[in-house]
Structures are given as structure tokens and as C-alpha cells.
Amino acid sequence: MNERILPSPVLQTLFVSRETSNCPLISEMIKLGKRLEEIGLVDKETGIVSLNYGKRLLINAKNIDVKKMNQQDVVEIVDYDPLKNVMMVIGTKNPCLETPVHWIIQKARHDINALLQINSTTLFERLKGTLPTTEKETQPITLDRAKEILKTLRAGKTILIKNEGILFVGINIKEIQETLLNYLGVQK
């Protein structure tokens with residue numbers, strides 16, 4: 001049977017407020033971003049940092065270098081409806097494209113409150129064979145990507161996204177930072 005591939009509906013972003021989020025956890029996200037710069041993540045290697053905040057999600061904005069992120073570069077996702085592909089946001093900028101995937105992962109797993117996704121084919125190639133890897137290549141921002149990542153996360157809290165990079169998950173930013181330093185061979 002041939003499957004029809006339907007174009008994914010465009011993500012609709014509704015801004016509840018255009019103010020900068022004042023969540024105290026944003027400072028932890030900024031520190032993690034600075035740590036990525038300290039360990040030598042190059043400019044072409046991009047990252048996405050998200051943190052569960054009650055029933056909300058904090059995530060960096062679209063086209064932001066997480067290594068140089070500030071408070072205005074973080075948006076607060078109030079709610080997301082994956083069926084209608086509608087997201088309610090507080091912030092001055094649009095959320096990054098992978099926001100739906102991070103939302104679904106954090107809402108599906110109660111033991112995951114923080115995610116760090118580093119898009120780096122160099123890191124993928126270096127760590128290939130040492131970490132669980134998603135079986136299929138998936139398109140960013142899709143439900144298929146979220147399902148594939150959740151399936152692979154059963155094997156560990158640090159996984160590789162096939163041909164794209166690495167994903168660290170944890171209960172908090174501190175756990176992610178410790179795991180990051182362990183895998184990238186950097187001293188604390």
C-alpha cells in the first residue's frame with residue numbers, strides 16, 4: 001500500500017504576551033549556553049535548550065546562538081496543541097522550529113525536565129556506535145521525529161539523532177551539564 005505524504009501543517013504561533021519572560025530558570029539556560037562556548041562548540045554547531053517550567057516550557061527563540069543567549073532570547077510556551085499545530089507563547093521572538101518536538105518529549109516523560117539538542121554532524125560521527133541512535137532519519141518539527149526520539153530514549157538519557165547530532169535529557173540543567181562534560185571529554 002502506498003502511503004501519501006501530506007505536507008505538515010504550518011505551525012501557528014499565538015502570542016499571549018510580547019513581554020520578556022521573567023522566569024528565574026532562564027539564568028540556568030543562559031549558563032548552559034555559555035558552557036557550550038567554553039567547551040569549544042563551533043559556530044556551525046547549533047543548539048536548542050529547553051526546560052520544563054510547571055505546565056509550561058522555556059526554550060530558546062528561533063535563529064538564536066545558544067552560546068550567546070540572553071533573557072530576551074528565551075520564550076515561554078504556555079500551551080501547544082499538536083493536533084491543530086497551534087502554540088501559545090510569551091516572549092518577544094518566535095520559538096525555535098523544534099519546539100513541538102521538545103514539548104511532546106517533555107510532556108510524555110515525567111522524568112525529563114530539561115533537554116539540550118546539539119545539531120552537529122561532527123559530534124554524530126565522533127560518537128556513532130557509542131550511544132543509542134534513532135533508527136530512521138526524520139524531518140525536524142514532525143510528530144515522527146518526536147516518536148522516534150521517545151522510542152530511542154528508552155535505551156538511555158543521551159542519544160544520537162541519526163545524521164544530525166546529539167540529544168541530552170535530564171531531570172534538570174545540572175544533570176545535562178554533567179553528562180555533556182562526560183561525553184565531550186571536558187573537565188569541569
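These legends go with three close-up views of a predicted model.

**View 1. Glu175 and its surroundings in helix H5.** Here we're looking at Glu175, which sits in helix H5, residues 173-183. Its relative accessibility comes out at 22%, so Glu175 counts as partly exposed; the cut-off for buried is under 20%. Leaving aside residues up to four places away in sequence, Glu175 touches Lys157, Val169 and Gly170. Have a look for Ala114 too: Glu175 and Ala114 are 61 residues apart in sequence, yet their C-alpha atoms are 8.8 Å apart in space.

**View 2. Strand E6 and its partners E2 and E8.** Strand E6 covers residues 114-119 and is mostly covered, with five of its six residues buried. It pairs with strand E2 (residues 46-53) in the antiparallel sense, over six bridges. To find your way along that pairing, pick out Leu51, which stands opposite Ala114 in E6. E6 also pairs with strand E8 (residues 165-170), again antiparallel and over six bridges. A handy marker on this side is Gln117, standing opposite Leu167 in E8. As a general reminder, side chains in a regular strand alternate between the two faces of the sheet.

**View 3. A nonpolar surface patch with Leu14, Val16 and Met88.** Now for the surface: Leu14, Val16 and Met88 make a nonpolar patch of about 240 Å². Leu14 belongs to strand E1, which runs over residues 12-17. With a relative accessibility of 38%, Leu14 counts as partly exposed, because that class lies between the 20% and 50% cut-offs.

Methods:
Residues are numbered from 1 along each chain as its sequence is written. This is a predicted model: local features need pLDDT of at least 70, side-chain atom pairs count only at pLDDT 80 or more; totals for chains, interfaces and linings use all residues. Side-chain values use heavy atoms; hydrogens and water are left out. Helices (H or I, at least four residues) and strands (E, at least two) are DSSP runs, numbered from the N terminus. Buried means under 20% relative accessible area, exposed over 50%, partly exposed in between (1.4 Å probe, protein chains only). Contact means heavy atoms within 4.5 Å. Two strands pair if DSSP finds at least two bridges between them. Patches are made of residues with over 30% relative accessible area and no salt bridge: like charges are joined within 9 Å, nonpolar side chains (Val, Leu, Ile, Met, Phe, Trp, Tyr) within 5 Å. Accessible areas come from the Shrake-Rupley method with a 1.4 Å probe; for residues, only the protein chains shown count as cover. A salt bridge is a side-chain nitrogen of Lys or Arg within 4 Å of a carboxyl oxygen of Asp or Glu.
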